[in-house]
Amino acid sequence: MSAAQAKQKQATPSSVDAVVVGAGFSGMYLIHRLRKMGLSVQAFETGSDVGGTWYWNRYPGARCDSDSVHYSFSFDKDIEQEWSWSERYSPQPEILKYQQFVADKLDLRRNIKFDTRVAETVFDESTNKWTVTTDAGDNVTCRYLIMATGCLSNSRMPDMKGMDSYKGDVYHTGQWPHEGVDFTGKRVGIIGTGSSAIQAIPQIAKQAKHLTVFQRTPNYSLPAQNHKLDPEYVAEVKANYPELREAARWSAGGMPRPVPTKSALEVSAEEREAAYRKAWEGGGADMLGVFTDIATNKEANETAAEFMRARIDEIVKDPAVAEMLKPYDYPIGTKRICIDIDYFETYNRDNVTLINVKKDPIQELTPEGLRTGEQEFEFDAIVFATGFDAMTGALTSINIKGRGGDTLKEAWAAGPRTYLGLMSHGFPNMFMITGPGSPSVLSNMTTSLEQHVEFVTDYIEKLDAKGVVAVEPDLKAQDDWVDTVNEVAKMSLHTDDSVNSWYLGANVPGKPRVFMPYIGGVGAYRQICNDVAANDYEGFNETLPGATAQGTSAMAGQSA
Ligand code: NAP
């Protein structure tokens, strides 16, 4: 069924076993699994088709920066064998096409209502059911509510003075027009130099009359060394998928990768340089994994950072611009590493200017463009590549009311509190896929989300077999998990005082400084989940009919 056909069948049931929020990779797999278990499912999706991240992020240059052969579903052997990726890091249109292929193949769209945003979800303690209300007027009750809302789906415009006064075109990379944008002959400004900007800047520069880049924090970016995939390589991967996928499941980052054995500090300078150069030439993020201690030891980390700065000097012709592009203030890898195609090279173009807005901040948008303290700029278009309210934003923007009417937003006011990133105390029967407290954004997302979907659906099957009517994490188990997530994070440089990353919520004014993902690794996390399941799902409180639910208010977690 096409998206258009699915849209015509808008009537939603008033009651289902499970409501799934979101139809990106996670929501798609959930629908498939839940249906196979014989449950009735209703999914809601704001976009007009499946895709999630890849439906919205259509900015020029958008592509995956996990290898495509690994950034894909592993659960269906036919899909795995039928689909062939064309490039090492496939572009957004190809990833979206893949998701559409999967949706067609598994006939997923018949359970999804598109163009519909979930506005509110309310838990009724007397029935142990959720009522889900949408902006299209749906009211659906369900036994299980599963949030497949994505980690980077709530795009953020900064609160700048004069936003409404600017008369030109305004774009956000995360909400890109589907018909595309032609910047030919235009004067364009782009704000931000994160992963999205670093992919978009080289492409926009090729079209625009002039591109002005407003950089607040320089980023470490590694060359993708992207290339077309040789069909022989693709065939070899397909033949070896079972082993490759299994290796990914037990790896640190959700990809089959060699495990480093040496410290960056125990080898000679020549050996270190050779290892970094090999990784640089090989492309992608591998450079961060060539030694054991780049993520944990400042001195080791600095050797990698210095290697990167030297490459910027080699690539960028104007020494003053090269200097501006070099990150010095935070360890490499502690803000999400960027992967680029010709990013630094783009600053050698005559039609590109770099402005340091840390030194000379943007004061306001004007009718013609924008003004920093020292300069005025005129633009036909301004692109905001200013990121997302990551990990929690998509969840807290829905009015989720758990036990006693407490909202998730209030319960997480001092930072997200979850058990294994899967559930939050006070919100019975509500699961999250790749929620805060799970490896999620620190891993190859498809590996992590498959593990979550499988854990949740397997658990639901067992709960139903036992006749359980309500389940939620024990408060102590949740508190212990939050402590574990924090303790593991402290062992890495990610929480160093110098770091202001979106992992820490630092990009959203007022958001508490809490390291949100679990950094202990995908394999370690999987083992913990497997152990929890093997120990009769320890840490989850299950309520049978007639018994009183053992939970307390969601706000109880606040004081822990
Ligand atoms: P981001 O990494 O949060 O970058 C936002 C940029 O905007 C930063 O350079 C930030 O500066 C700047 N900024 C924000 N507010 C500003 C303001 N008021 N004034 C000036 N500058 C401002 O967002 P993103 O680039 O969209 O990437 C987010 C994440 O999405 C990535 O880290 C990655 O996980 C994912 N992503 C993945 C891919 C991929 O797989 N290929 C591609 C794109 C994105 P500061 O650094 O100073 O805050």
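**Notebook: salt bridges, rings and a strand**

I started with E323, which makes a salt bridge to K326, with 2.8 Å between the closest N and O atoms. Note to self: this is a predicted model. I then looked up how covered each partner is. E323 comes out as partly exposed, at 39% relative accessibility. K326 counts as buried, at 7% relative accessibility, because buried means under 20% relative accessible area.

Next I went to R309. Which side chain does R309 meet in a salt bridge? I found E306 there, at 2.6 Å, N to O. Both residues sit in helix α10, residues 298-315. They are 3 residues apart, about one turn of the helix. R309 is buried, with 3% relative accessibility. E306 is partly exposed, and its relative accessible area is 41%.

Then I wanted a salt bridge between distant parts of the chain. I picked D458 and R33, whose closest N and O atoms are 2.7 Å apart. D458 belongs to helix α15 (residues 445-466) and R33 to helix α2, so I was looking at a link across 425 residues. For D458 I noted a relative accessible area of 30%, which makes this residue partly exposed.

How many salt bridges does a search of the whole structure find? I got 37. I also wrote down a network of salt bridges that links D67, R88, R257 and D286.

**Rings**

Back to helix α2, this time for F25. I looked at its aromatic pair with Y71, which is edge-to-face. The ring centres are 5.5 Å apart and the planes stand at 85 degrees to each other; over 60 degrees counts as edge-to-face. Why does this pair tie together separate parts of the chain? F25 lies in α2 (residues 25-36), while Y71 lies in the loop between α3 (53-56) and α4 (77-82), so the pair joins parts that are 46 residues apart in sequence. I checked burial as well: F25 and Y71 are both buried.

I followed the rings outward and found F25 and Y71 in one aromatic cluster. The cluster's other members are Y29, W54, F73, F75, W83, W85, Y98 and F101. For the structure as a whole I noted 39 aromatic pairs.

I also looked for charges over ring faces. R58 lies over the face of Y55, 4.9 Å from the ring centre. K335 does likewise over Y330, at 5.8 Å from the ring centre.

**Strand β9**

Last stop was β9, residues 210-215. Is this strand mostly covered or mostly open? I found it mostly covered, with 5 of its 6 residues buried.

I then looked up what β9 pairs with. One partner is β8 (residues 187-191), in the parallel sense, over 5 bridges. I noted I191 and F214 as bridge partners, with F214 in β9. Between β8 and β9 the chain passes through helix α6, residues 195-207. I recorded this β-α-β crossover as right-handed.

Another partner of β9 is β12 (residues 352-356), again parallel and over 5 bridges. Here I found Q215 opposite N356 of β12.

Terms used: Residues numbered from 1 in each chain as written. Predicted model: local features only at pLDDT ≥ 70, side-chain atom pairs only at ≥ 80, totals over all residues. Heavy atoms only, no water. Buried < 20%, exposed > 50% of the residue type's maximum accessible area, 1.4 Å probe, protein only. Helix = DSSP H or I, 4+ residues; strand = E, 2+ residues; numbered from the N terminus. Pairing = 2+ DSSP bridges. Right-handed = clockwise from strand over helix to strand, strands pointing away. Phe/Tyr/Trp six-rings, centres within 6.5 Å; stacked < 30°, edge-to-face > 60°. Lys NZ or Arg CZ within 6 Å of the ring centre and 35° of its normal. Salt bridge = Lys/Arg side-chain N within 4 Å of Asp/Glu carboxyl O.
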